[in-house]
Structure formats: structure tokens, C-alpha cells
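Me: I would like a close look at a single part of this model: the place where the two chains meet. Please walk me through it in short steps, and then show me how it sits in the rest of the structure.

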Amino acid sequence: MAQIRIIKDRCFECMACIDNCPSKSIAFEGGKFIIKDNCNACGVCISSCSFNAIVFDEGQEIIQRKREYRGVFIYCEHENGCIKDVSLELICKGREIANQLGEELSVIVIGHKIDNIAIELTYYDVNKVIKVDNSLLETFNEYLYVDVLEQIINVFNPQIVLIGATKYGMALAPGVATRLKTGLTADCTELEIENETGLLLQTRPAFGGNLLARIICPIHRPQMATVRPGIFMPANKEFERKGFIEEVPVIINKSEKVEIVERVAKESICSSNAEIIIGIGKGIGKPENIPMVKKLANKLGAELGATRAVIDAGWMDCSYQIGQTGRVVSPKIYIALGISGAVQHTAGIISSNTIIAINRDKDAPIFKIASIGIVGDVMEILNLLLDEI
Amino acid sequence: MDIIVCIKQVPNSNQVKLNSVTNVIERGDMKGIINPNDLFALEEAMKIKDCFGGTVKVISMGVPSTAFLLKKAVSLGADEAVLLSDPAFKGSDTLATSYILSAGIKKMGKFDLIICGQHTADGGTGHVGPGIGITLNIPYIVNVNHIENISNYTIQCRRDNDTGYDIIKAHLPCVISVAKNINQPRFVSLNGIKKARRTQIKVWNSEELGVNKNLCGLAGSPTRVKETYTPCFLQTCEFLEGSPKEQAKEIINRIIKLKC
Ligand SMILES: Cc1cc2nc3c(=O)[nH]c(=O)nc-3n(C[C@H](O)[C@H](O)[C@H](O)COP(=O)(O)OP(=O)(O)OC[C@H]3O[C@@H](n4cnc5c(N)ncnc54)[C@H](O)[C@@H]3O)c2cc1C
Ligand SMILES: Nc1ncnc2c1ncn2[C@@H]1O[C@H](COP(=O)(O)O)[C@@H](O)[C@H]1O
């Protein structure tokens, strides 16, 4: 367990640490600070010190152990022989982070008959592709995949592991992190390396996007995060192969405990991969106006979404809902038609590249996050738009 | 079928207050509600009990006032409720929370199924269901939006993936995290309220649980909230000028430009 150390030269003896310590383990006696045995290194004193005078005194053992963890590892998700976009985005971001740390970038790919995917991955700017190919791993099964990923991580001891915050990624990552007894930050929208410490700063929205939290994992390794799709730029293919493929032997026990009985692909009503999404708000006036919006969507090759007010009114099916309690989307362009811009809704669209809003109320909150706005009647503009295309 | 449902207290609104020193959410003076997703978890458990009999117990880790919400869970039909509460649990991240809840679940006795909500409305990670599964060394399934079949030994569920859905079968005991809207939660009944009045909420602290305090609370949490901030949107909206017709034209121009 890490201990706390007070750097004398920086300390102004303000006693804020003593006041804030939840376990009352800091005392000031005879002009000296004493850290008592009941200190559990919770770190509250560190954040309470205005003078940066308190640090984790990690001890040789932890510093040594941390040094043994090296490299940035990306978990590559794939489907029907295609690499998922989010994995390419992670390769791009991972490369940036690895360069900053002066370490290597590796990609892990798990599945069955994945030679082509592994080869394709070597054409990206990665140092190594780690492959585990086994017929038991043909379909995603968290019970087996957690085991395999844990074993891989234990072979290579990376210091950072990034996984796409897809449905499967969110099923896999917490299992692995719990096995490794390390920290995991969910659904990050920003990642950077802190200059002074080399720690991974992981930013994620909380409370429906009303608040952003920056999370660190100071002592445990690896530092793990799932990352929201569509936030970072995808990596570009290089002309020549850069990485090499390494197959790692892992033990896979055929287990009857969890079995995927069937995988069914269904037509997605509104996949989050759309380039343009048109959001329908209560301001379109009546459900009879929706076909007009559909017409515009068809012309633009866009998909539809809606606010909860629209769903609650029964104008559209609940699968269209975007926002805190609906889907999160990140298209190139989000067109908000008659949407007021409540935080619960904007939580779901905030990572769109460009938001275009049409609302007759110049002060509507949607204009605070939109980059292009029209103040006017939405149906009038809609009619004109249809004429223009 | 003996089922345990995990319930968390979350703030009533999205207006949050943070301790400026620890950056930990101040839950003390906030009137909480049952995490909305956990009501689906409870209802799903009740539905299974209605068919097969057995018990539904609820468990929560939280501040003492959470007992009030556990009473509500009893009035909704739960048979028993346990609150894990101890100052040492304060500041737990999902790893520490999973550890503490697992210890509580073990102490509660035999169970066949644990049901969690998919994620909480405040922190919202969806980590705790899998965390409990791994800690107790039993299978977990997340994102369940339909239970197709359940027997004494297995459960078969439907869960969404990004492009469709999986039908997945697991041995019991196991943990499932249920997606929102998997069912329509029932209302509190008069009998339920009477029962809740009679029911004593058990409260266990760290000693009674026999947990290692170094694995609880902030001390047992690998992650730290370094800082929190409200997102600032520097973007200033550019309002398009001219007649509606000109504006419409301009939008089309922009869309074409932005698309490539
Ligand atoms: C716990 C919780 C969770 C929630 N989750 C979500 C969620 O996930 N997603 C979500 O969307 N909402 C959610 N909400 C609801 C959210 O707070 C808002 O009520 C909702 O987003 C408002 O939808 P709206 O903008 O369509 O409607 P309104 O707020 O009614 O806004 C209509 C807008 O249209 C404009 N307008 C009206 N007529 C015209 C016209 N003729 N021409 C141009 N503009 C016009 C008005 O000026 C107004 O700004 C949630 C609420 C809560 C409490
Ligand atoms: N402190 C807690 N007490 C009881 N159950 C919890 C607690 N935290 C999380 N859970 C359960 O785990 C689910 C997922 O929570 P989270 O991982 O925080 O998003 C919730 O819906 C609850 O069912």
C-alpha cells in the first residue's frame, strides 16, 4: 500500500490536510507532521493541499512494479471480417499516446479465422498485432473472451489498455478489469497523457453530460478505459506493412457455463454510424409533419432521431429517442428541427461534428451548442429545403 | 428460485453537488431515488417469482438514508432488504463497490440469480454487474432485454449487440444486467406498504461483512476523480442571415461542404 509523504519545502503548514483527512491519520506534533499507521492512502489530503506538497510515496516496490508495465494495447473488435471503426479510431489515438510515452502500440485481435484481419491490422501504424485464433472464439462470448484477454494482458503487462465502448466492449472490459483488480473508466470522450506524471487522463461525461469528470488510475496497472465510438479520427492505412503478427498461446477451456445459442442480425433502424442525423423535436408541430422530414432525410441520405417529448407524445417509436435515456449519436452533421436543447437531449448529440439548429426562439438553449443556426419556423424552412435539393 | 436484486440510490435530479476537496459526489443531503434502471431489475425478479415462487431480496450499498428506498423496494414486493453501510465504503469506485456487494451477497445465503440495472443514472458505467460476476466467479450477461426461458439450472436471455441481438444461455447461479424498458414496473400496493412497515431493513457494516477495509472506499478504488468541470461550449452559433429562402439555400451549401 502506498504511503503519503509531505514535502517539507513546499508545505505552508496550513493544516488543510489534517482537516480533510477522513481517517484522521495526519497529526502535527512538535513542529512535525506525522502520518499514522491507520492511513489508507486514500489521497484526499493530496487533493486538499493547495501547494502540491503531498505526494504518494509509492515506495520502491510499487515504482518498480509500475516500470514493468509498458506499452499501449488496443483491443480490436471486428465483425464479419471487417474491423470496426472504433478500433481504427483507437489505433490512431493509441499511436499518439504511445509516441508521447515513447512506448510501443499493439493491437489484440481475438476470434476464429481472423488471419485476414490480423494482416490488415499490420498495415496500420502499429508495432505488433497479437492474435488468438481458436474455433471456440468464433462468436463473442464474454465468459471466454474475458479469460483470453486477461491471459494476454498478463503475458505482456501493458500500461494502458483501450477498448471501444461498444455493446461487446462494455461487456468485456469490466470483467477483465475486475479480474486484474485494476481501474476502468467507462465511455471516455477524451484521452491524454499528463505531462508531469505520464498518467492517462481519462475524461468522461457523468450526470447526463452535465458534468465532465477527469479520471486517473495512479497506482494500479494497466490503466484501462472504454472509449466512445466516433470521437477520434480513424487511423489511415499505410502503404507498407509496419507491424508483425504474434500468436500467443492461451488456455481456452470449453465451457458449458455460457453458450451463445444464436446471433441474429437485425436491420438497424438508426445506426449511430450515420453521417447525417435529423433530430425531430416537438417544435415540428404535429405528427403529420413527420413524412416531410422523412422526405428530407431520404434526399440527404440521413437517418432520423427524436427527442423524448416527441416519443412521449406518441409521434414516433421509442427506438428513435436520442439523449441521456436514449441513444448517443455522433454523426458528422446533426440537424435539430424544433428542438429546445434540454441537457438530457444534448447529452446524446454533443459529440456530433456540426450541429445545425432550426428554432423559432432565438434564445433556445440548442443554439448554445449549435454551430449553425436559423431562427425561424421549422416547417417553412423545411419546405424551402425540399425545394432546394 | 432465489433472486437478489442490486439497487442503488441516485440523486433525484441531474443537478449535482461535489465535494470540492475529494471530488466525490455529496450524497449526504440529497434526497435520493431508486436508480430508475433498478426498478426494471426488481420488476423482472418479481415476474420470475410470480411464475416460479421463491424469494426476492434486495441489496444496496449506500448511506444510511438508503434504508428508506429499500423500504420502498419491499413495498414493491421484495421479501427482504439488506443495506451495506459504513463510512469506510465512502468513495468506492466500481471495483470496490463490486467487492463490497459481493461480500454482502455471499452473506445473504443461497441464491440462483442476481439482477442489476444496466447502468446507474449518475455514474453510469455498467461495470458493477460484471464486477459482481467476476468477483463471485459466476457468469454474467449484460444488456438483457428479454428473458426467454429460465429453469432450475439455466437461464436463456436475449441481449442486444450493436447490430442485432444474441440469444445466450448461462448456468445458474449467474448475474444479469437488464436493459431499460425490459418490462413495465408495477406500482406500490397497499399490502406492500403494510409489509414494508413491518419489515426490518438489515444493515451490515464492514466488520459484519468481514471485508478488507483496504479494498473498500477510496482506499480500495484504483481510480480517482482528478477533477470535474462543467463542459463549456466555446462554440458560438453562427446565425444565418437573409430571407428564409436564402437561409435554406445556405444550409444546403453548408451540408454539401461539411459532408466531404
Ligand atoms: C430523467 C430525464 C431524462 C430525459 N431523457 C431525455 C432523452 O434521453 N432525450 C430527450 O430528448 N429528452 C429527454 N428528457 C426530456 C428533456 O428534458 C426535454 O423535455 C425534451 O428533450 C424536450 O424535447 P423537445 O425539444 O422536442 O420539446 P420542447 O422542449 O417542447 O421544445 C420545442 C422547441 O421547438 C421550438 N418550436 C416550437 N414551434 C416551432 C416552430 N413552428 N418552428 C421552429 N421552432 C419551433 C420551441 O421554441 C422549442 O424550443 C429527459 C427528461 C428527464 C427528466
Ligand atoms: N452501491 C450500489 N448498491 C447496490 N447496487 C449497485 C450499487 N452500485 C451499482 N449497483 C448495481 O449495478 C448496476 C450498474 O451500476 P453502475 O455500474 O454503477 O452503472 C446498478 O443498476 C445497480 O443494479
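Reply: Start with the polar side of the meeting place. Across the interface of chain B and chain A there are 21 residue pairs in polar contact, with both residues at pLDDT 80 or more. That score belongs to a predicted model, and this structure is one.

Which parts of chain B supply the touching side? Seven elements each give at least two residues to it. The helices are H4 (128–135) and H7 (244–259) of chain B. The strands are S7 (140–150), S8 (154–160), S9 (164–171), S12 (224–229) and S13 (238–239) of chain B. Helix H7(B) gives the most, with eleven residues. By kind, the residues on this side of chain B divide into 33 nonpolar, 24 polar and 15 charged.

Now take both chains together. Chain B brings 72 residues to the contact, and chain A brings 92 residues. How much area do they bury? The size of an interface is often given as the accessible area lost when the parts come together. Here the area buried between chain B and chain A is about 7,300 Å². Carbon and sulfur atoms give 61% of that area.

Next, look at the charges. Six salt bridges are found across the interface of chain B and chain A. One of them can be picked out by name. A:Glu142 forms a salt bridge with B:Arg159. Their closest N and O atoms are 2.7 Å apart. The cut-off for a salt bridge is 4 Å, so this pair counts.

The backbones meet as well. Strands of a sheet pair through backbone hydrogen bonds, either parallel or antiparallel. Strand S17 (residues 258–265) of chain A pairs with S9(B). The sense is antiparallel, over seven bridges. To find the spot, look for A:Arg263, which stands opposite B:Asp166 in S9(B).

A second sheet also takes strands from both chains. This open sheet has six strands, with parallel pairing. Its order is S19(A)-S18(A)-S20(A)-S21(A)-S22(A)-S13(B). Why is one side of S19(A) and of S13(B) left without a neighbour in the sheet? Strand S19 (303–306) of chain A and S13 of chain B stand at the edges, each with a single partner strand, so one side of each has no neighbour there. Further in, strand S18 (residues 276–280) of chain A runs parallel to strand S20 (residues 333–337) of chain A. Five bridges join these two strands. Within this pair, A:Gly279 stands opposite A:Ala336 in S20(A).

Now step back to chain A as a whole. Its domain assignment gives domain 1 (3–57), domain 2 (65–247) and domain 3 (276–388). How far apart are domain 1 and domain 3 of chain A? Their C-alpha centres lie 52 Å apart.

Salt bridges also occur away from the chain-to-chain contact. Over all chains, the structure holds 32 of them. One joins the side chains of A:Glu120 and A:Lys237, at 3.5 Å from N to O. This pair links distant parts of the chain, 117 residues apart. A:Glu120 is in helix H5 (residues 115–122) of chain A. A:Lys237 is in the loop between strand S15 (223–227) and strand S16 (244–247) of chain A.

Turn to chain B for one residue. B:Thr94 is in helix H3 (residues 94–108) of chain B. Leaving aside neighbours within four places in sequence, B:Thr94 is in contact with B:Thr125, B:His127 and B:Val128. With B:His127 the side chains make a polar contact of 3.3 Å. B:Asp50 is another matter: its C-alpha atom is 32 Å from that of B:Thr94, and the two are 44 residues apart along the chain.

Finish with some backbone details. The peptide bond from B:Leu172 to B:Pro173 is cis, with omega near 0°. B:Pro173 is in the loop between S9 and strand S10 (174–178) of chain B. In chain A, the bond from A:Arg221 to A:Pro222 is cis too, with omega near -5°. A:Pro222 is in the loop between strand S14 (211–216) and S15 of chain A. Last comes A:Asn52, in the loop between helix H2 (44–48) and strand S4 (54–57) of chain A. Its phi is near 50°, a positive value in a residue other than glycine.

Terms used:
Residues are numbered from 1 along each chain as its sequence is written. Chains are lettered from A and ligands numbered from 1 in the order in which they are written. This is a predicted model: local features need pLDDT of at least 70, side-chain atom pairs count only at pLDDT 80 or more; totals for chains, interfaces and linings use all residues. Side-chain values use heavy atoms; hydrogens and water are left out. Contact means heavy atoms within 4.5 Å. Buried area is the accessible area (1.4 Å probe) that two parts lose on being put together, summed over both. A polar contact is a pair of N or O atoms within 3.5 Å; within protein, one must be able to donate a hydrogen and the other to accept it, and residues adjacent in sequence count only if both atoms are side-chain atoms. Helices (H or I, at least four residues) and strands (E, at least two) are DSSP runs, numbered from the N terminus. Ala, Val, Leu, Ile, Met, Phe, Trp, Tyr, Cys and Pro count as nonpolar, Asp, Glu, Lys and Arg as charged, and the others, Gly among them, as polar. Two strands pair if DSSP finds at least two bridges between them. Domain bounds come from an automatic or database domain assignment.
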